[in-house]
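Hi everyone, thanks for coming. Today I'd like to walk you through one structure, slowly, with the terms explained as we go. Have a look at the screen.

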Amino acid sequence: MNKASAGHFFEDFSLGQVLSHATARTITEADNSIYIALTGSRYSLYCNHEFAEQLGYKKPPIDNILLFQIAFGKTVNDISLNAVANLGYAEVEFIEPVFVGDTITVVSEVIGLKENSNGKTGIVYVHSKAMNQQGYLVLSWKRWVMVNKRQEGMQNTFAVQPQLSSSVSFESLPTPQSLTLSGYDNRLSGESFRLNDYDKGEWIDHIDGLTIDDSEHTMATKLYQNNAKVHFNHHQMASSTHKQRLVYGGHIISICRSISHNGLANAQWVAAINAGSHLNPSFAGDTIYAATQVVKTADLGAGFGAMRLRTLGYKNNSWKALRPQFEKAVSEKSKLHDDFVLDIDYTVLIPV
Amino acid sequence: MNKASAGHFFEDFSLGQVLSHATARTITEADNSIYIALTGSRYSLYCNHEFAEQLGYKKPPIDNILLFQIAFGKTVNDISLNAVANLGYAEVEFIEPVFVGDTITVVSEVIGLKENSNGKTGIVYVHSKAMNQQGYLVLSWKRWVMVNKRQEGMQNTFAVQPQLSSSVSFESLPTPQSLTLSGYDNRLSGESFRLNDYDKGEWIDHIDGLTIDDSEHTMATKLYQNNAKVHFNHHQMASSTHKQRLVYGGHIISICRSISHNGLANAQWVAAINAGSHLNPSFAGDTIYAATQVVKTADLGAGFGAMRLRTLGYKNNSWKALRPQFEKAVSEKSKLHDDFVLDIDYTVLIPV
Amino acid sequence: MNKASAGHFFEDFSLGQVLSHATARTITEADNSIYIALTGSRYSLYCNHEFAEQLGYKKPPIDNILLFQIAFGKTVNDISLNAVANLGYAEVEFIEPVFVGDTITVVSEVIGLKENSNGKTGIVYVHSKAMNQQGYLVLSWKRWVMVNKRQEGMQNTFAVQPQLSSSVSFESLPTPQSLTLSGYDNRLSGESFRLNDYDKGEWIDHIDGLTIDDSEHTMATKLYQNNAKVHFNHHQMASSTHKQRLVYGGHIISICRSISHNGLANAQWVAAINAGSHLNPSFAGDTIYAATQVVKTADLGAGFGAMRLRTLGYKNNSWKALRPQFEKAVSEKSKLHDDFVLDIDYTVLIPV
């Protein structure tokens, strides 16, 4: 038998199964710098030592989205090596800050299973938890993914779909240890907008576009040690429907977060991702843009504000052209335009 | 009003205006390694700990050109987001060495303004200063840039053009703290040529060519958190005159400096850039070459030699073919060949 | 005379000549992270601090293949700048672990010279040694390379070909300082296979393919400060037989080692490369795959197992299609299929 693993198929998962993901990763200062080189991120908390000190940290924490990418990468070999599509995320909670030198270990539990009627695929729901080297839970998330079956045919197993919250409530929002926003100086961050400057329902067109190239998206995905085949193997993907490699969806999240610095520069801390889905694939050569709607705001006290945001990532188009189509689709409950690539609902902390 | 900024236009600048640039950046060891991966730089002072010790430092300082890129990057959001062209640099002085862990904050003052007669653009002259986290001035430079107007039309404002030195004189050249060249061992640096081996007027053909690719030049520019649109947005640039993204001019300076190691391996320290201009744009796929003329040399004492150099960067051509055209153009005071991309006049320290 | 060096030609080498390579390099944590981003390597010893501690180290050592790339890079300027082809490696021994902060200096001795009958080229054999900053030998290797002559014509010098071992015997295998495999926990590494699970003659199809892009392979080669022209200069290579830049052969070794994690995840330590050759060139756009045969296994005691492996790297093809052709070629002693790019024979340490 070949010792190399072809990855798990739908038949390999069972309800309640616990997968202890291997190849835990120690996060380095370099991961942060490479992340900046790959995404252009400019949030001050992650690249300015003195700014991080003013916010209560001895040194800059790791950007939560970078942490998510690395933790997510650990789960791919066991869960999504044979994934057809990453269907969605929910209840992503950033519980403790992570720093350079911390080692991240990830464990996942299968919390739902559902065969698809085509007999070829099924949906696997997992709850993944990332711990640091001291065993503290730093990140928790749920995702569901469409996985190929090893053999075609229906097993007619009992379908279990987990109950997923549509959001992490502001009340139960994890407030990161040590973080203080009371002395926040927005001259350092690049914008003056604080919690009370944002209105419910307000849209921000983040303006800037970022074009993705092959080396860049594959380097990002390799940095996260995410080994899903669809991102790396042009020889194989050339004969797929897409005729080329797919950009890792997580990279699109990172790019949208980076672009949204323009208009959200003080939203330093992503506290939770309430829901997220990849609406369409992206390819090398695509230019990614983003627009954000303010869904809800709240003053949490002690200088902390929380904002629930909905960021739409789209490609090769303008918000001016897409917004009317988006609003029509929402009111008609019809499908969004094919240029939309990401729809993500998340909660940030921002100074009051 | 959209909270994302479209950047400043010519009308937004006023003489004497001071811009405190946000998103100060702590420089990491990784920035240096990524810089090597992006440029192939081989100057020993920046990548050999023991060599740096022999030259008086506890650890390698940050390459001054990398420092310039990071400091320059800070100014883009406020000054050149809507730049049509970076017209030139002058009086770039590297005053103190910068090390891993230092945080760089940049402030610029508007020192000149001049409308162009087309009514569409104007020239903004700025004096930028980079300070470390202790407030010490580490780098000072002047540049002028052509910026779009928000609205077409002449304001007929008073034009102020600053007096710029054509060079930083050898007498007032900043000698970096701690640097000592008396025990310099050129077996470690790769070449035996010291100050007295170079003749005034001598040309060096640096021979090696380096081809630029999309991911590489955009990663460099993102590493510097330089967010000028022309380098990143293919979707928008596809409908520009150039039909594609432009390579950040600073990356061309870095590449030329890296290439010129072959023939100038002991010119470890760039002390000043007297003048610099980008003659033509570069694009992904271009192969960059460089040739350098020794303009002036001087023994500064204590083992320090200074050389004023003029490096010409050119693309997809040979020095053999371009040199006669260059000399003809100089004698006729006519335009240089379109394959020239960079003309930079700078001063280096080299052991005697 | 132009101060830039065109590199050494065959005529510049003499038997017994010692070349002290310049631009020694201090290895950083970032080099390791960039290496992961460029190759997708997932071996736990190099990216998991706690795992490295369990194996006897205070911190993760540098991946031996990365060490080899950096040390090899130092030799290029003096030996292979004008190389037509890297013909082979032998007796590559990884003697001591190297850590972040160590500075690597490399010295080579010419141990063989042989003119080719075409009068245009000759073969240079060198023995290279890499030392850390304390002077300890950390890596030793022999390689031979076909180098251009400055002037065409036969010199009819005495040909000296060194005696090269076909393998580093298990008995004389360097066992790295501090390494202990007795408490090895394979739940952390991703696979359960230990020494005794592998059979002599067994093949592993590593399944995963990795596509190479231009920025990525040139960044890897620049990170190693390897300045061989064929990898970087599209302008020049466009008029070569290949019509494009060649991927640095060492990068193919790194990619094959990274891919072979799937099936060899516990082969944490490469102790020696017995023989290696690049069978065909690779170019941007090629997808690299690998298959490995177990040549020999041995229990060295104290929990250490040794395996001699032969890894074949190939491109844009499947092992299913290539294996019959490979076996036919071996039995007929004929040339391997053109899709094979690497044939490397090496010895790893693996827990018993």
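Let me start with a question: how many residue pairs are in polar contact across the interface of chain C and chain B? The rule finds 23 such pairs, with both residues at pLDDT 80 or more. A polar contact here is a pair of N or O atoms within 3.5 Å; within protein, one must be able to donate a hydrogen and the other to accept it, and residues adjacent in sequence count only if both atoms are side-chain atoms.

A word on where this comes from: this is a predicted model, local features need pLDDT of at least 70, side-chain atom pairs count only at pLDDT 80 or more, and totals for chains, interfaces and linings use all residues. Residues are numbered from 1 along each chain as its sequence is written, chains are lettered from A and ligands numbered from 1 in the order in which they are written, and side-chain values use heavy atoms, with hydrogens and water left out.

Let's stay with the interface. Which parts of chain C touch chain B? The elements giving two or more residues are β2 (25-26), α1 (29-39), α5 (214-223) and α6 (234-237) of chain C. Helices (H or I, at least four residues) and strands (E, at least two) are DSSP runs, numbered from the N terminus. Helix α5(C) gives the largest share, 6 residues. By type, that side of chain C has 10 nonpolar, 16 polar and 8 charged residues. In this scheme Ala, Val, Leu, Ile, Met, Phe, Trp, Tyr, Cys and Pro are nonpolar, Asp, Glu, Lys and Arg are charged, and the others, Gly among them, are polar.

Counting contacts, meaning heavy atoms within 4.5 Å, 34 residues of chain C meet 47 residues of chain B. The buried area is about 3,100 Å², and carbon and sulfur atoms give 52% of that. Buried area is the accessible area (1.4 Å probe) that two parts lose on being put together, summed over both. On the chain C side, C:K3, C:K222 and C:H235 lose the most, together 23% of what that side buries.

Now, salt bridges: a side-chain nitrogen of Lys or Arg within 4 Å of a carboxyl oxygen of Asp or Glu. Over all chains there are 48, and 4 cross the interface of chain C and chain B. An example with a partner in each of these two chains is C:K229 with B:D208, at 3.1 Å from N to O.

Others sit inside a chain. In chain A, A:K142 pairs with A:E91, their closest N and O atoms 2.8 Å apart. A:K142 is in strand β6 (residues 137-148) and A:E91 in strand β3 (residues 83-94), so this pair ties together parts 51 residues apart in sequence. Are these two residues buried or exposed? A:K142 is buried at 16% relative accessible area, and A:E91 is buried at 13%. Buried means under 20%, exposed over 50%, and partly exposed in between (1.4 Å probe, protein chains only).

Finally, how do the copies relate? A turn of 120° and a shift of 0.0 Å along the axis lay chain C on chain A with an RMSD of 0.0 Å, which is the relation of a three-fold axis. Copies are superposed by least squares on the C-alpha atoms of residues with pLDDT of at least 70 in both. In chain C, the C-alpha nearest the axis belongs to C:A30, 2.8 Å from it.

Thanks for listening!
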